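Me: I would like to learn how to read a protein model feature by feature. Where do we begin?

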Amino acid sequence: MNKVLKVFVFGLVALLLTACTNVEAKQGMTAQDVFEKAKEASAKLKNVRTQISYDDFWKTTAPEERYSVKYEMTSDAMLQPEIVKQDIKVRPLPINGEPWDAEVYKVDGRVFIKDTQKNAWEELQSGSIAELFGSMIETVQPTLDLAFFNDFKNDFVLEPIDYGYNLRLSLSREQYKELKKILFLSNNGSETDPDILNGEFPLINKSEIVIGIDSKTFYVTDFKMTMDTTTYSMVQVDGNSHRVKQTINAVYSYYDNVDDVKVPAELLEAAAN
């Protein structure tokens, strides 16, 4: 009995020491350390699966309009070189239009889409899905572009969690405006022009970004963004304002374990014409 008790106590002490070591290891990392390690890991990633849920709502007062839509996106991506297959479900509120689905492929820097409305392959002239869904969606898929957040890397707060780390960023009004400018410059200009932003005054109800990172591989595991703002025009006298509520939840999995993406022959034929 005493021998069994001693073994149990020894095992418990070893477990506690291991836990303490892990805590110390996590406490020894700064948010900037984790951010940089995650960037290095992302650069080596060969393929990944991404699942995105995106809710977009906006409302204006002059003219009085509102729009609400939910997107569900699943993509498998080869990253070296980049070949992406994405399935998309678009579900607007009934008053805002009919639901539709789409297939999207990105091959050799060219983006092709076939939706249930037209049922024919079309090429996006911009070469970016930001044309359809905004620059932020382009930033978080097929994997999170951490370089996009370089200007904010010293502002992230590190939170140790069970499987690794969270990098949390709560944006001030000035940081929010800076983020919008970066979005505008990062892609095809699908976001608000900075000159227009300078004539607006945003009230930040909530503006938060959380990036989950695995402590063993330093791969990004998930991304969450919540934006809730009310913006007033400082150049118009009609009291114009617009409310925007957006949530993006992206989950990354099957690191370097995704089957090769097969591009349909009909798409290759359309691309050749």
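Reply: With a salt bridge. This is a predicted model. In it, the side chains of K114 and E266 form a salt bridge, 3.5 Å from N to O. K114 belongs to strand β5 (residues 110-115) and E266 to helix α7 (residues 265-272), so the bridge ties together parts that are 152 residues apart in sequence.

Me: Are these two partners, K114 and E266, buried, partly exposed or exposed?

Reply: K114 is buried because its relative accessible area is 16%, under the 20% cut-off. E266 is partly exposed, at 46%. Elsewhere, salt bridges with shared partners join E36, K39 and K153 into one network.

Me: How many salt bridges does the structure hold?

Reply: It holds 17. One of them pairs the side chains of D101 and R91, at 2.9 Å from N to O. D101 sits in strand β4 and R91 in strand β3, 10 residues apart. D101 is partly exposed, with a relative accessible area of 25%. R91 is also partly exposed, at 36%.

Me: What about the salt bridge of E138 and K106?

Reply: Its N to O distance is 4.0 Å. E138 is in helix α4 and K106 in strand β4, 32 residues apart, so this pair too links distant parts of the chain. Both E138 and K106 are buried.

Me: Let us step back to the whole chain. How many helices and strands does it have?

Reply: The secondary structure comes to 7 helices and 11 strands. The chain has 273 residues, and 43% of them are buried. Now take the contacts between residues at least 6 apart in sequence. Of these, 59% join residues at least 24 apart.

Me: Which residues touch the most other members of the largest nonpolar core?

Reply: F149, I209, I211 and F223 do, in a core of 56 residues. Look at F223 more closely. Beyond its neighbours within four places in sequence, F223 contacts M136, V140, L144, F149, I209, V210, I211, I248, N249, A250 and Y252. There is also a second, separate core of 9 residues, with V107, F112, V258 and L267 among them.

Me: How do I look for empty space?

Reply: Rolling a probe the size of a water molecule over the atoms shows where space is left empty. Here, a search of the whole structure finds 1 cavity of 30 Å³ or more. The space in the largest cavity is about 30 Å³.

Me: Which residues line the largest cavity?

Reply: The lining is S42, L45, V48, T143, Y219, V220, Y252 and Y255. By class, that gives 6 nonpolar, 2 polar and no charged residues.

Me: And the open spaces? How much space lies in the second largest pocket?

Reply: About 470 Å³. Its lining has 26 residues, and E82, Q141, P142, T143 and D145 are the closest to the pocket centre. At least two lining residues come from each of α2 (31-44), β3 (82-92), β4 (100-107) and α4 (135-140). The lining divides into 13 nonpolar, 8 polar and 5 charged residues. T143 also appears in the lining of the largest cavity.

Me: How should I read the backbone angles?

Reply: Start from the usual case. Most residues other than glycine have a negative phi, and most peptide bonds are trans. Then pick out the exceptions.

Me: Where are the cis peptide bonds that involve P81 and P142?

Reply: One joins Q80 and P81, with omega about 0°. P81 is in the loop between β2 (64-79) and β3. Another runs from Q141 to P142, with omega near 5°. P142 is in the loop between α4 and β7 (157-161). Q141 and P142 are also among the residues closest to the centre of the second largest pocket.

Me: What is the phi of N119, and what is that of Y254?

Reply: N119 has a positive phi, near 55°. N119 lies in the loop between β5 and β6 (122-124). N119 counts as exposed because its relative accessibility is 59%, over the 50% cut-off. Y254 has a positive phi of about 50°, although it is not a glycine. Its place is the loop between β11 (241-253) and α7. At 45% relative accessibility, Y254 counts as partly exposed.

How values were computed: Residues are numbered from 1 along each chain as its sequence is written. This is a predicted model: local features need pLDDT of at least 70, side-chain atom pairs count only at pLDDT 80 or more; totals for chains, interfaces and linings use all residues. Side-chain values use heavy atoms; hydrogens and water are left out. On a 1 Å grid over the protein atoms alone, a cavity is a set of points where a 1.4 Å probe fits but cannot get out, and a pocket is an open set with protein on both sides within 12 Å along at least five of seven lines; lining residues have an atom within 4 Å of a point. Grid points are joined across faces, edges and corners, and a volume is the space filled by probe spheres set on the points. Helices (H or I, at least four residues) and strands (E, at least two) are DSSP runs, numbered from the N terminus. Ala, Val, Leu, Ile, Met, Phe, Trp, Tyr, Cys and Pro count as nonpolar, Asp, Glu, Lys and Arg as charged, and the others, Gly among them, as polar. A nonpolar core is a set of buried Ala, Val, Leu, Ile, Met, Phe, Trp, Tyr and Cys residues joined through side-chain atoms within 4.5 Å. Buried means under 20% relative accessible area, exposed over 50%, partly exposed in between (1.4 Å probe, protein chains only). Contact means heavy atoms within 4.5 Å.
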